[in-house]
Amino acid sequence: MTTPRPTPVRPAPPGATALPVIRARGVTMAYGDVDVLHGIDLDIHQGEVFALLGPNGAGKTTTVEILEGFRQRSSGEVSVLGADPERGDDAWRGRIGLVLQSWRDHRRWRVAELLTHFATYYPDPRDPAGLLDLVGLTGQAGQQVDRLSGGQRRRLDVALGIVGRPELLFLDEPTTGFDPEARHEFHLLVERLAREEGVTVLLTTHDLVEAERLADRIAMLVGGRIRACGTPAELARRAAAQAEVRWTADDGTAHRERTEDPSRLVWELHQDATGPIAGLEVRRPTLEDTYLHMVHREDDGADEAVEGEAQAV
Ligand SMILES: Nc1ncnc2c1ncn2[C@@H]1O[C@H](COP(=O)(O)OP(=O)(O)OP(=O)(O)O)[C@@H](O)[C@H]1O
């Protein structure tokens, strides 16, 4: 089974001086004469699960590929595990795990054979049998890769991504094709890697629930700029400080009112009521509210100087 790793380190508190696992400053990227990243600043600390959220074409993959060393930035400074990814050597690459969107071409291999083969690339790999157990593929150990279901292949991707005990794990839409139970198990696995082993995780996803469930912090990337960054709770509060209270009056009419003080409104409603209030509901702002707010503001042509632009540092 797995060998215990050094004491996990939680994200450094604000103002801490330790060099983050990922640091980016003023990163820009242009494809030809089209600018797609407009100055990205990021600090991601050891043991942190960090999610990059954003609509299609926002620049998530470009950002992540620059951090992984697969793409050359146009300008800006980047440090990942203490090195510039453009100059990362094999030893540096061995400290990083990747779970990418595209499937590798190993269709004729059997699951356990493939994992055992990948393990030989690393100095201190996880035990393949233990890893299959960890990702729920023990029953498929002898199966050919091209016979796996989509969700099972994705689990194998995850196993291949962590077989070398990476210190930093990039997960690109990792749970696409997972059923709810597999997704739940995957979430537990990511939590375990981060909390118990101190692995730093950078996750890109379109799934707001997944980001909220897993991430210590989320950055919302829209139009090549980080528009908001914070804990899921902080971001949920950003879009609308106001909660919405809904209820049905005695005459059957439905009411909804936005307020910064929902408990006072509910108290006032009860003062005026002669009995229980039908259909009473208090809806707090959600992460989805903030996300939609950020995306729509971009659609409305909001420029660089708009209030609410943030850098993830
Ligand atoms: N190799 C390339 N050449 C030219 N333009 C590119 C290239 N790769 C990406 N782009 C453009 O850069 C922008 C950002 O793309 P990117 O793939 O980084 O976005 P994304 O946020 O990952 O999107 P998605 O959620 O759809 O995966 C898009 O407008 C895309 O068309």
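A residue is counted here as near the ligand if its C-beta atom, placed from the backbone, lies within 6 Å of that molecule.

**View 1. The surroundings of the ligand in this predicted model**. The residues around the ligand are Tyr31, Val36, Gly54, Asn56, Gly57, Ala58, Gly59, Lys60, Thr61 and Thr62. Sorted by class, this shell holds 3 nonpolar, 6 polar and 1 charged residues. Helix 1, which spans residues 60-68, supplies the largest share of the shell, namely 3 residues.

**View 2. The hairpin of strand 1 and strand 2**. Strand 1, covering residues 22-31, pairs with strand 2, covering residues 34-44, in the antiparallel sense, and 8 bridges are found between the two. Within this pairing, Val27 has Ile40 of strand 2 standing opposite. The hairpin leaves 2 residues between the strands, and Gly32, which lies in the turn, has a positive phi of about 65 degrees. In a regular strand, side chains alternate between the two faces of the sheet.

**View 3. The largest nonpolar core, with Ala159 among its best-connected members**. This core comprises 66 residues, and those with the most contacts inside it are Ala159, Val201 and Met220. When its neighbours within four places in sequence are left aside, Ala159 is in contact with Leu115, Leu131, Leu132, Val135 and Leu137.

**View 4. Strand 10 and strand 12, an antiparallel pair**. Strand 10, made of residues 243-248, is joined to strand 12 by 4 bridges, and the two run antiparallel. Val245 stands opposite Val282, a residue of strand 12. Strand 12, made of residues 278-283, is hardly covered, for the count of buried residues among its 6 residues is 0.

**View 5. The protein chain and its two assigned domains**. According to the domain assignment, domain 1 consists of two segments, 22-95 and 166-235, whereas domain 2 is given as 242-284. The centres of domain 1 and domain 2, taken over C-alpha atoms, are separated by 41 Å. The protein chain contains 10 helices and 12 strands, and 35% of its 313 residues count as buried. Among contacts in the protein chain between residues at least 6 apart in sequence, 68% join residues that are at least 24 apart.

Key
Residues numbered from 1 in each chain as written. Predicted model: local features only at pLDDT ≥ 70, side-chain atom pairs only at ≥ 80, totals over all residues. Core = buried A, V, L, I, M, F, W, Y, C linked by C-beta atoms within 7 Å. Buried ≥ 20, exposed ≤ 12 C-beta atoms within 10 Å, placed from the backbone. Contact = placed C-beta atoms within 7 Å. Nonpolar A, V, L, I, M, F, W, Y, C, P; charged D, E, K, R; others polar. Domains from an automatic or database assignment. Pairing = 2+ DSSP bridges.
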